[in-house]
Amino acid sequence: MGVREGEGSMGAAAAGVVHRLADRRETFATVESLTGGLLAATVVEIAGASAVYRGGLVVYATDLKQRLADVPADLLAERGPVDPDVATALAEGGRRRCGADWGLATTGVAGPEPQGGKPVGLVFVAVAGPGGTEVRELRLDGGRDQVRGAAVTEALRLLADRIDAPYPA
């Protein structure tokens, strides 16, 4: 499935998030690495997104993850950018930097070659919100377009799941 073929599922996931957050009067922000702005572009295609989407950061270069999204430099040096704790830090940093209720992040390897010993299709998506932070590891198949499109959809699904989850006691 290419990005064009995956636009339906990406758009549906984005619409669900936008409408749920509008109902709750909450906002979100994105921090993207491997998706390179595709997540933000998918969100702003939805009518009404301006009521809930604060903005985002595209931190494709590793040094920008630290400088713009507040990912600890020692974490990046020790583990590299494709790591669950880096995804968590990206989501938390984006939430904080953009002044949003929720932060949503993507990091991983879209290909065509492995990166830093990590295989193509290894992706981490994370959401930071009022009830804490959650990260999911994904093993996605396909080429760059398929991996990036699926990462967008899965990140939005994670946010939707967290929006609907009860807050911890």
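Is threonine 153 buried or exposed? In this predicted model, threonine 153 counts as buried because its relative accessibility is 5%, which falls under the 20% cut-off. The residue sits in helix H6, which spans residues 144-164. Beyond its neighbours within four places in sequence, threonine 153 makes contact with Ser9, Met10 and Ala13.

Helix H6 also features in the nonpolar interior. The largest nonpolar core comprises 35 residues, and those with the most contacts inside it are Val17, Leu21, Phe28, Val43, Val123, Leu156 and Leu159. At least two residues of this core come from each of helix H1 (3-24), helix H2 (38-44), S3, strand S4 (122-129) and H6. Of these contributors, H6 gives the most, with ten residues. A second core, separate from this one, holds 19 residues, including Val59, Ala87, Phe124 and Ala126. In soluble globular proteins, nonpolar side chains tend to be buried together.

Leucine 21 offers a handy close-up of the packing. When residues up to four places away in sequence are not counted, leucine 21 touches Glu26, Phe28, Val52, Trp102, Leu159 and Ile163. Two of these partners, Phe28 and Leu159, are listed with Leu21 among the residues with the most contacts inside the largest core.

Turning to the pockets, the largest has a volume of about 160 Å³. Its lining is made up of 15 residues, of which Leu34, Tyr60, Gly108, Ala110 and Gln115 are the closest to the pocket centre. Helix H3 (62-69) and strand S3 (102-108) are the elements that give two or more residues to this lining. By character, the lining of the largest pocket divides into six nonpolar, six polar and three charged residues.

Methods
Residues numbered from 1 in each chain as written. Predicted model: local features only at pLDDT ≥ 70, side-chain atom pairs only at ≥ 80, totals over all residues. Heavy atoms only, no water. Helix = DSSP H or I, 4+ residues; strand = E, 2+ residues; numbered from the N terminus. Buried < 20%, exposed > 50% of the residue type's maximum accessible area, 1.4 Å probe, protein only. Contact = heavy atoms within 4.5 Å. 1 Å grid on protein atoms, 1.4 Å probe; cavity = no way out; pocket = protein on both sides within 12 Å on 5 of 7 lines; lining within 4 Å. Points joined across faces, edges and corners; volume = space filled by probe spheres on them. Nonpolar A, V, L, I, M, F, W, Y, C, P; charged D, E, K, R; others polar. Core = buried A, V, L, I, M, F, W, Y, C linked by side-chain atoms within 4.5 Å.
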